[in-house]
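Please open the model in a viewer and keep the sequence panel visible. The tour below proceeds by selections, each followed by a description of what is found there.

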Amino acid sequence: MKAQLLTMSTPDGPFTIIARDGAVLASGWTAVPGDLTGQIHSELLPGGFETVPDLADISAAVEEFYAGNPGAAMEVAVLQKSGPFRSHAWDMLRTVAPGHPVTYTEYAELSGNAKAVRAAASACAFNAAALFVPCHRVIRTDGSLGGFRWGLAIKESLLDRERELALAAPA
């Protein structure tokens with residue numbers, strides 16, 4: 001089955017999305033689709049791609065994010081496959097409020113197992129749907145950024161953008 005492929009221009013550089021049936025399979029700050037396909041579970045990997053000029057609600061959510069509404073991306077359907085802990089952890093990550101990052105320890109607790117800090121970090125590392133499953137909202141206990149597949153400069157930019165929005169929001 002073919003998937004749709006779209007590369008958008010963002011303030012953080014090119015952002016490519018691979019989607020099928022209105023759900024994101026993979027996304028990230030790259031113009032190279034091959035940078036994304038390795039993160040898609042083998043059972044979900046499309047047989048080919050059709051380049052499209054728009055992905056309706058999906059591309060609109062990216063535009064909304066950069067226009068100051070990060071919540072729109074959490075409404076987009078995401079299709080990822082893994083074991084029970086990682087799948088649940090990805091779902092829980094979508095509940096982390098923009099502008100209020102959590103530590104890896106807090107993320108493990110949120111995911112249901114406070115002792116599973118390494119498993120929580122692994123869920124971030126294997127997340128294929130960057131932005132839509134906001135792994136950039138997880139930081140180290142000491143406040144440093146930790147890692148990010150798309151580079152620390154992009155992670156910092158995303159967190160700064162969300163922090164500014166949270167500070168500007170009425171209390």
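Two strands are taken to pair if DSSP finds at least two bridges between them. Helices (H or I, at least four residues) and strands (E, at least two) are DSSP runs, numbered from the N terminus. The model is predicted: local features need pLDDT of at least 70 and side-chain atom pairs count only at pLDDT 80 or more, while totals for chains, interfaces and linings use all residues. Residues are numbered from 1 along each chain as its sequence is written, and side-chain values use heavy atoms, with hydrogens and water left out.

**Stop 1: the sheet**

Select the five strands of the open sheet, whose order is β4-β1-β2-β3-β5 and whose pairing is mixed. At the edges are β4 (48-51) and β5 (77-78), each of which pairs on one side only.

Begin with β1 (2-10) and β2 (13-20). These two strands run antiparallel and are joined by seven bridges; they form a hairpin with two residues between them. To follow the register, select L5, whose bridge partner in β2 is I18, and then M8, which stands opposite F15 in β2.

On its other pairing, β1 meets β4 in the parallel sense over four bridges. Here K2 stands opposite G48 in β4.

Next, select β3 (23-28). The pairing of β2 and β3 is antiparallel, over five bridges, and I17 stands opposite S27 in β3. In the hairpin of β2 and β3, which has two residues between the strands, D21 takes a positive phi near 50°.

The pairing of β3 with β5 is parallel, over two bridges, and V24 has V78 as its bridge partner in β5. Is β3 buried or exposed? Six of its six residues are buried, so β3 is largely enclosed by the rest of the structure. In this tour, buried means under 20% relative accessible area, exposed over 50%, and partly exposed in between (1.4 Å probe, protein chains only).

**Stop 2: the helix on the sheet**

Add α2 (57-67) to the selection. This helix packs on the sheet and touches β1, β2 and β3, and its direction makes about 20° with that of β1. Contact means heavy atoms within 4.5 Å; axes are lines fitted to C-alpha atoms, for helices over the stretch in contact, and angles run from 0 to 180 degrees between N-to-C directions.

In the loop between β4 and α2, select A56. Its phi is near 50°, a positive value in a residue other than glycine. At 49% relative accessibility, A56 counts as partly exposed.

**Stop 3: the nonpolar core**

A nonpolar core is a set of buried Ala, Val, Leu, Ile, Met, Phe, Trp, Tyr and Cys residues joined through side-chain atoms within 4.5 Å. The largest such core has 49 residues; select I17, W29, I58, V62, L93, Y107 and F132, which have the most contacts inside it. Elements that give two or more residues to this core include α3 (84-93), α4 (104-110) and α5 (117-125). Which element gives the most to this core? It is α2, with five residues.

Centre the view on Y107. Not counting residues up to four places away in sequence, Y107 touches A89, W90, L93, V102, A120, A123, C124 and V138.

**Stop 4: α6 and H136**

Select α6 (152-168). At 1.5 Å a residue, its 17 residues should span 24 Å, and the end C-alpha atoms are 24 Å apart, which agrees; the expected span is 1.5 Å times one less than the number of residues in the helix. The buried residues of α6 are I154, K155, S157, L158, L159 and E162, and what covers them includes α2, α4 and β7 (138-139).

Now select H136, in the loop between α5 and β7. H136 is buried, with a relative accessible area of 1%. Leaving aside neighbours within four places in sequence, H136 is in contact with F148, K155, L158, L159 and E162. Which side chain makes a polar contact with the side chain of H136? The partner is the side chain of E162, at 3.0 Å. A polar contact is a pair of N or O atoms within 3.5 Å; within protein, one must be able to donate a hydrogen and the other to accept it, and residues adjacent in sequence count only if both atoms are side-chain atoms.

Finish with L131, which also lies in the loop between α5 and β7. L131 has a positive phi of about 80° although it is not a glycine, and it is buried, with a relative accessible area of 2%.
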